[in-house]
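This briefing is meant for a reader who is meeting the structure for the first time. It takes up a few topics in turn, beginning with the cysteines.

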Amino acid sequence: MNAQAPGPDLWLGYFADRGYDGVRRIGGGVEGVVYRLGEGLAAKVWGGRPPAGFGVMRQVYADLARHPLPFRTPEVLDVEDRDGVVVTYERELPGEPIRGDSAHEVHERELSDGHRDALLTVLRGLASVPGTAAMRRLTVQGDDRPLWQDHDCFRDALAALVARAAARHGAALAARVPDFEAGVARTQKALRSLPDAPVTAVHGDLVPPNIHVDAAGRPVAVLDFGFCTTAGDPAFEAAVTAAVWDMYGPYAQEHARELTGLFARELGYAPTALTTYQAVYALTTYDLFGLDDRDGHFRWCAELLRRNAVFSG
């Protein structure tokens, strides 16, 4: 049974034969096709084998699910192999995206109180979950080894990641960012000088579509872990969230400054730590989608570094 086969969707019948009523397809992408099974369940029919780190990610979901958070997170309940096709049964997540991606939707200039409150709720919730061994075994997007491998300190692990990422395609970034090598060195030095911090769950990609809210605007689900998920300083999560809330809109820089200040005041994170972590994020994700200004993410990373006080000195 082919997950991507044309014509009638045979998976609808497959799930109906297993006793699920009212099954319907609710989405599909690179990884596979997702079906709503009812009673709070969903199934993903994978288009290929799950990634090598799938077992570790499943454990991370289980680690998160053990904590009483004010929102739900993904949880893989069962896995089966049907004639060579992998099917995962997962907890269906409620709500609707808090808003669209700024690449496709213009964000208003004024940040609403509801959005501020929702972001603070999510950040506080994730920061309440201790980092686990499974989280430390995850590899962040674009890298070739678990972030914590050979390290027992988040700061040092990130500094090593910055070095590896700069070595990948740093020349492309250096062509658009003045004093690049010195900026990398300044960022690594700033990282290593940060004080000790708690090690908690880090989602790493809290863009608006990954936060679901209910009709009242309260966060009810956080999804799509894996892009930069790890165990680490919760200030890293806050710094990245402030930067990526609105990446491409006309008020993007204004929103990033406002959220960075909000998270510093309300969550007690040092502004210098937030600025340092934002430079780290740009230096470690700049080449994931393209290597010149035709790619929006590459262009955004270069712009962030040019105005970042830690990187620019």
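Cys153 counts as buried, because its relative accessibility of 13% falls under the 20% cut-off. The model in view is a predicted one, and the points below, which concern its cysteines, a small set of paired strands, a glutamine in a helix and a pocket, should be read with that in mind.

**Cysteines**

- The structure holds zero disulfides, and Cys153 accordingly takes part in none, the nearest cysteine sulfur being that of Cys228 at 16 Å.
- Cys228 is likewise in no disulfide, and for this residue the nearest cysteine sulfur belongs to Cys301, 11 Å away.
- Cys228 also counts as buried, because its relative accessibility is 8%, which is under the 20% cut-off.

**Paired strands**

- Three strands form an open sheet, in which the order is E6-E8-E9 and the pairing is antiparallel.
- Strand E6, covering residues 96–97, and strand E9, covering residues 219–222, are the edge strands, since each of them pairs on one side only.
- Between E6 and strand E8, which spans residues 211–213, the antiparallel pairing runs over two bridges, and Glu96 stands opposite Val213 in E8.

**A glutamine in helix H6**

- Gln188 is found in helix H6, which is made up of residues 180–192.
- With a relative accessible area of 16%, Gln188 is buried, because that value lies under the 20% cut-off.
- Where does the side chain of Gln188 reach a backbone oxygen? The partner is the backbone oxygen of Ala159, which the side chain of Gln188 reaches at 3.0 Å.

**The second largest pocket**

- The second largest pocket has a volume of about 300 Å³, and the elements that give two or more residues to its lining are helix H8 (252–267), helix H9 (271–285) and helix H10 (296–307).
- Of these helices, H8 gives the most to the lining of the second largest pocket, with five residues.
- The lining of the second largest pocket consists of 16 residues, and those that lie nearest its centre are Ala256, Arg257, Gln278, Leu304 and Arg307.
- Sorted by class, the residues lining the second largest pocket comprise seven nonpolar, five polar and four charged ones.

Key:
Residues are numbered from 1 along each chain as its sequence is written. This is a predicted model: local features need pLDDT of at least 70, side-chain atom pairs count only at pLDDT 80 or more; totals for chains, interfaces and linings use all residues. Side-chain values use heavy atoms; hydrogens and water are left out. On a 1 Å grid over the protein atoms alone, a cavity is a set of points where a 1.4 Å probe fits but cannot get out, and a pocket is an open set with protein on both sides within 12 Å along at least five of seven lines; lining residues have an atom within 4 Å of a point. Grid points are joined across faces, edges and corners, and a volume is the space filled by probe spheres set on the points. Helices (H or I, at least four residues) and strands (E, at least two) are DSSP runs, numbered from the N terminus. Ala, Val, Leu, Ile, Met, Phe, Trp, Tyr, Cys and Pro count as nonpolar, Asp, Glu, Lys and Arg as charged, and the others, Gly among them, as polar. A disulfide is a pair of cysteine sulfur atoms within 2.5 Å. Buried means under 20% relative accessible area, exposed over 50%, partly exposed in between (1.4 Å probe, protein chains only). Two strands pair if DSSP finds at least two bridges between them. A polar contact is a pair of N or O atoms within 3.5 Å; within protein, one must be able to donate a hydrogen and the other to accept it, and residues adjacent in sequence count only if both atoms are side-chain atoms.
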